[in-house]
Each structure stands twice: as structure tokens, then as C-alpha cells.
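Trainee: I should like to understand how the descriptive terms applied to a model are justified. May I put some questions to you?

Mentor: Certainly; let us look at the model together.

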Amino acid sequence: MNTWYGFNILPLFSLGRAGLPGSGISVNPGMVHLDEADLDFIADMGCNFVRLPCDYRYFIHDFKYDQPDEVMLKVLDRCIYAIVSRGLHCSLNVHRAPGYCINGNNLERDNLWTDKIAQDAFTNLWKLFAERYRTYSADQLSFDLLNEPPHEGQYGMTRENHKTIMARVCEEIRKISPERTIVCDGLGCGHLACPELADLDVVMSGRGYTPVQLTHYNAEWMKENGSFDWPYPKWPGVEGYGQTWSREVLLEFYKPWKELADQGCRVHLGECGCYNKVDNQTALAWYRDFFGVCNELGFGFALWNFRGAFGIAEHGRSGTNWETRRGISFDRDLYELFKQSMK
């Protein structure tokens, strides 16, 4: 299995409040825009991986878990085909699951960690995907079960019930598609390694957003966490979590993940990136060290996202050396750095 390098693309990422019962908004194919030019660009870069995060409410409406929407599932079919038909591996990810999402968890009626109805719905959703996509090979398609489970103790999640739920889903998928590669994200927003999952024979997916005082500086959705109060970051040397961050401290941060890799687990950083509120020189300095750490540890990575504030195209950071190709304006320096970092 090759090391995965690529991007997250977001046509099915989130319905937001539009997915709520009574919103008055009808979920329909016109809500989903997949820019296939982006996929062509990614393939031309020499990448081999695209992660496709999905909000389950595109396919299941009004908490009617046993009534999937075939019209919208056909939209997902087309997205997956568009990715794999370009020779890119597609990692299908449930970003919002019945009963849990890292963003707007309060929008869920049920609780994945404590409610059987949500656990059954989550399992059945993956059984549906396993059956629907069983003809895709393991090289073409993997299943990333749940985006960024919470910290232990949040919403009733424990390492024990997390493993129980993931193990159940793995078992059901493998009954249908025994060779399917399955991915499990780390706890605590994806940052915390899960050695207890090692016996499930899954890829372990971490995150590349550390230190957050740089990568999420002035991020609007983290205002309550103080993102607007942090001093302007520099790299190396940004202060956060009681440390002064550098390449060496990044290496130490990923030590638990390296220990998993040394035990034979495959590790991949399924999301990474730097928000666009820092200048590009600072962002590139961090990317250079981050990619270098990934290379040293043998971890592949995927930027969140391709086109947008964390991306390589049209991120809008000041001081960027822009180039336009096929109508896409992209960061030439980050592009070259990314390409050099694919091993």
C-alpha cells in the first residue's frame, strides 16, 4: 500500500443548520458542487489520495435512519467515481454521524456514545456503504469511520465505548468487504493516538494542526478558545500549551503516533494545514518543518483543504507567490514544497 498524499475536498462536508427538521430547505443534488478541475489538478500534482468528508444528513433526513435517500446516494456515487477514475485513492469519511459531530454536536437528536439508536444507525450507514461500494478495490477506496471523536469524557465518550463502537462497525464492514481498508481517527479532535485500537487492523489517522496557536490563529470558530487573543505567531518560537514550539517539539508531539507505527500500525495524518490569517512566509516556515517531520516519521498527509483558507489554491494569505494554471490560482511555493515532500 502506497503512502497517501493529497487533499480533503468538501462537496458533501456539511449541511449546517439546513439539515435540521423544519429548516424548510430540501436536500437535493443541486446543493452539491464537485469541481472536477480540482481533481485534475490534484492528480497532475502526482498526489494519490483524496479524503471525502460527508455529513450523513445528505443521505438520511429528519433522523429517519432507516430511510436513506437513493437520489442523494447517487450523488455520492458520482463523487467517489470522479475521484477514483483519476487514479486517486478515495477515503470516504463520515464527518457528521448519527449522534455526533465535532462541529455543532448540539444539532443531533441522539448521542452516538450512549444511545443504541444512534449506534445502530451509524453501523447501518457503514453497512450500506460497504454493500454499495463493494466492487471498488482496497487500492481505490477506504472507509474513514468517524471524523475526530471528542476528548474522553465529552458527551459520554470513553476509550472503551469508542473501541466497542468502532470494532462493531469494522466487523460488519468486513463481513461484506473483507479486504476493505478501514481508518480510525484519533481522539481529542484527532490529535490523540489510540493504541487500544491496534488490534482492529486499521489505519490510524492523526492531525497536523499543531501548534493551534499558529495554525488556527484568528480562526473565527475558535474565538471562544481565545484565537483572537493569541499574540501574532512566529515559526519557530510560537508559544502554546506551556511550550515554545519548533521542529524538535513537533517530533516529540508525534511520539505516541510513531510508537504505533513502530508496532506495525499504519499512520496517516488525514487533515493538516494552516489558516490564512498568518502571512505566507510564516505559514511556509511551519509547513517546511511539518512536512519534514512527516517524512522523518514515514507519515503521509492530506491538506484540509484543496481550495480555500487552509488550502493550496486561493487561500488568500498575504505575501503569496501566486500562479494560475487551468483557471486555478495556487500558491506556487507551497505547491513546490508539497511536491518535494511526497516520498
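Trainee: Where is Ser-177 found?

Mentor: This is a predicted model. In it, Ser-177 is found in the loop between helix 4 (159-176) and strand 5 (181-185).

Trainee: Why is Ser-177 called buried?

Mentor: The term buried requires a relative accessible area under 20%. Ser-177 has 8% relative accessibility, and therefore counts as buried. As to its position, the C-alpha atoms of Ser-177 and Asn-305 are separated by 29 Å, and these residues are 128 residues apart along the chain.

Trainee: What makes Gln-213 buried?

Mentor: The cut-off of under 20% applies here too. The relative accessible area of Gln-213 is 10%, so Gln-213 is buried. This residue is found in helix 6 (residues 212-215).

Trainee: Which residues does Gln-213 touch, not counting those up to four places away in sequence?

Mentor: A contact calls for heavy atoms within 4.5 Å. With residues up to four places away in sequence not counted, Gln-213 touches Trp-230, Pro-233, Val-238, Glu-239, Gly-240 and Tyr-241.

Trainee: How do you know that strand 10 pairs with strand 1 and with strand 9?

Mentor: Pairing requires at least two bridges between the strands. Strand 1 (residues 5-8) and strand 10 have 3 bridges, in the parallel sense. Strand 9 (residues 267-272) and strand 10 likewise pair in the parallel sense over 3 bridges. Each pairing therefore meets the requirement of at least two bridges. Phe-301 in strand 10 is the bridge partner of Tyr-5, and Phe-301 is also the bridge partner of Leu-269.

Trainee: Which way do the residues of strand 10 point?

Mentor: In strand 10 (residues 300-303), Gly-300 and Ala-302 point one way, while Phe-301 and Leu-303 point the other way. All of these are buried. This agrees with the general pattern, in which side chains of a regular strand alternate between the two faces of the sheet.

Trainee: How many helices and strands does the protein chain have, and why is the chain called as compact as a globular protein of its length?

Mentor: The secondary structure comes to 10 helices and 12 strands. The radius of gyration is 19 Å, and the globule rule gives 20 Å for 343 residues; the two are close, so the chain is as compact as a globular protein of that length. Along its principal axes, the C-alpha trace spans about 50 × 45 × 40 Å. Of the 343 residues, 58% count as buried.

Note on methods:
Residues numbered from 1 in each chain as written. Predicted model: local features only at pLDDT ≥ 70, side-chain atom pairs only at ≥ 80, totals over all residues. Heavy atoms only, no water. Helix = DSSP H or I, 4+ residues; strand = E, 2+ residues; numbered from the N terminus. Rg over C-alpha atoms; globule rule 2.2 N^0.38 Å. Buried < 20%, exposed > 50% of the residue type's maximum accessible area, 1.4 Å probe, protein only.
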